[in-house]
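Trainee: I have the sequence and the coordinates open. Can we go through the structure one question at a time?
Mentor: Yes. Ask away, and keep it short.

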Amino acid sequence: MMRDSGILADGAIADLFSTGRLRSEAPLDGDQIQPASLDLRLGSVAFRVRASFMPGPANLVADKLDRLKLHVIDLSEGAVLETGCVYIVPLMESLDLPEGLSASANPKSSTGRLDIFTRVITDRAQEFDKVPSGYRGPLYLEISPRTFPIIVRRGSRLSQIRFRRGLSLLAEAELMDLHASQTLVASDAPNISGGGIALSIDLRGSGADGLIGYRGKRHTAVVDVDKKAEHGIYDFWEPLYSRGREDLILDPNEFYILVSREAVHVPPDYAAEMTPFDPLVGEFRVHYAGFFDPGFGHASAGGTGSRAVLEVRSHEVPFILEHGQIIGRLVYEHMLARPDSLYGSGLGSHYQAQGLKLSKHFRAEG
């Protein structure tokens, strides 16, 4: 049943292209439209800038770039983006949204797991990753690799965008009812507050070795963001083991890949998003928010037991995480309509039925 408010599904996103509300410099990739989002593609050039910036209500991004750019990098044949630097890349897609239709953006799962900080910027923006109702104009992506230098090129997909009509977030009472009927997280006593359902950390580990996560290494080779199973895990990551303990000390400004204790389920008529947990509870945060498409963890889409992989940083001081400690929250939104395809249903979805899992760029090593 079609709702008056909610997230646009794949068929409606395709309609935005056919009606000219979404435009691109090139034909869409075959898998660019996801069940509840659209992958955004890098254009042909990257601008190295001195610092991140917000355009503000009176400014175009291009005008800011004229003043702040240090170097222009050709991406047509691929180029290296260095850690600690800030780049602005015009995207291949642009928008002509009707009134009443807004959008929000997030890093793709693989982007977050590589510790690549990205934010979508619009002309006259006063917020990152937010596209106001009725926006007409180009899109830009701010990129800042944090741990690994990366290779990108025209057409690389680091971020994704969702479109929504009206207010679509589930209130706490709705969230409780949905969990009672469809089990959103594998918990008998879910912590539902602040409009979201809590996820906690698994520090007991899995398997005989008690693997609990990975810590990113420094001074590595480059990661090519468009190549799957290209790089050896141990060249880039230090495995972390429980060793009979149920805690982990987060070192300041180090990057960790960890996993939720609970399995996550996103029913077909809903979408979800990970929001960073309140930093007031400790000196850590889930570093990247992330989208969960309809069908993630859904049994009919092959997703029974899908955990949420967490990208975690500690700031300023070392911080001890304990097994079962709340580390993030999932907020759920209504879909306007059920997608034609669910996450994991023949889409080549990389993280369905996942446990602790690095990004698709790394291959298992014996």
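Trainee: Where is Arg243 found?
Mentor: This is a predicted model. In it, Arg243 belongs to neither of two neighbouring strands, β19 (237-241) and β20 (247-250). Arg243 sits in the loop between β19 and β20.

Trainee: Is Arg243 buried or exposed?
Mentor: The cut-off for exposed is over 50% relative accessible area. Arg243 has a relative accessible area of 69%. So Arg243 counts as exposed.

Trainee: What is the phi of Arg243?
Mentor: Most residues other than glycine have a negative phi. Arg243 is not a glycine, yet its phi is positive. The value is about 50°.

Trainee: Arg124 has a positive phi too. Which accessibility class does Arg124 fall in?
Mentor: Arg124 has phi near 60° and lies in the loop between β9 (116-122) and β10 (130-131). Its relative accessibility is 49%. Exposed needs over 50%, and buried needs under 20%. Therefore Arg124 is partly exposed.

Trainee: Which domains give residues to the largest nonpolar core?
Mentor: That core has 49 residues. Those with the most contacts inside it include Leu42, Leu139, Phe163 and Trp237. The core lies between two domains, because both give residues to it. They are domain 1 (6-165) and domain 2 (172-334).

Trainee: Which strand gives the largest share of this core?
Mentor: The largest share is four residues. They come from a strand that spans residues 86-96. That strand is β7.

Trainee: How many residues of β7 are buried?
Mentor: β7 has 11 residues. The strand is mostly covered. The buried count is nine.

Trainee: How many bridges pair β7 with β11?
Mentor: Start with two other partners. β2 (residues 22-24) joins β7 through three antiparallel bridges, with Arg23 opposite Ser94. β4 (residues 45-49) also runs antiparallel to β7 over three bridges, and Phe47 stands opposite Ile88. For β7 and β11 (residues 136-145), again antiparallel, the number is seven.

Trainee: Which residue of β11 is the bridge partner of Pro90?
Mentor: β7 and β11 pair in the antiparallel sense. Pro90 has its bridge partner in β11. That partner is Tyr140.

Trainee: Which residues does Trp237 contact outside its sequence neighbourhood?
Mentor: Trp237 is among the residues with the most contacts inside the largest core. Set aside neighbours within four places in sequence. The contacts left are Arg113, Phe148, Tyr214, Arg215, Gly216, Lys217, Phe255, Ile257, Leu358 and Phe362.

Trainee: How many residues are in the second core?
Mentor: The second core is separate from the largest one. It includes Leu184, Leu199, Ile327 and Tyr332. Its size is 32 residues.

Trainee: Which strands stand at the edges of the open three-stranded sheet?
Mentor: The order is β6-β12-β17, with mixed pairing. β6 pairs with β12 over three antiparallel bridges. An edge strand has a single partner, so one of its sides is left without a neighbour in the sheet. The edge strands are β6 (79-81) and β17 (223-224).

Trainee: How wide an arc do the buried residues of α1 cover?
Mentor: In α1 (residues 10-18), Asp10, Ile13, Leu16 and Phe17 are buried. An α-helix has 3.6 residues a turn, so residues three or four places apart point the same way. The buried four are on the same side of α1, because their arc is only 110°.

Trainee: And in α4, how wide is the arc of buried residues?
Mentor: Leu175, Leu178 and His179 are buried in α4 (residues 172-182). They line one face of the helix, since seen down the axis they fall within an arc of 100°. On the other side, Ala173, Asp177, Ala180 and Ser181 are exposed. For the buried face, the arc is 100°.

Trainee: How far apart are the C-alpha atoms of Glu254 and Arg313?
Mentor: Glu254 is in the loop between β20 and β21 (255-263). Its contacts include Val312, Arg313 and Ser314. Glu254 and Arg313 are 59 residues apart along the chain. Their C-alpha separation is 6.0 Å.

Terms used. Residues numbered from 1 in each chain as written. Predicted model: local features only at pLDDT ≥ 70, side-chain atom pairs only at ≥ 80, totals over all residues. Heavy atoms only, no water. Core = buried A, V, L, I, M, F, W, Y, C linked by side-chain atoms within 4.5 Å. Buried < 20%, exposed > 50% of the residue type's maximum accessible area, 1.4 Å probe, protein only. Domains from an automatic or database assignment. Contact = heavy atoms within 4.5 Å. Pairing = 2+ DSSP bridges. Arc of directions from axis to C-beta.
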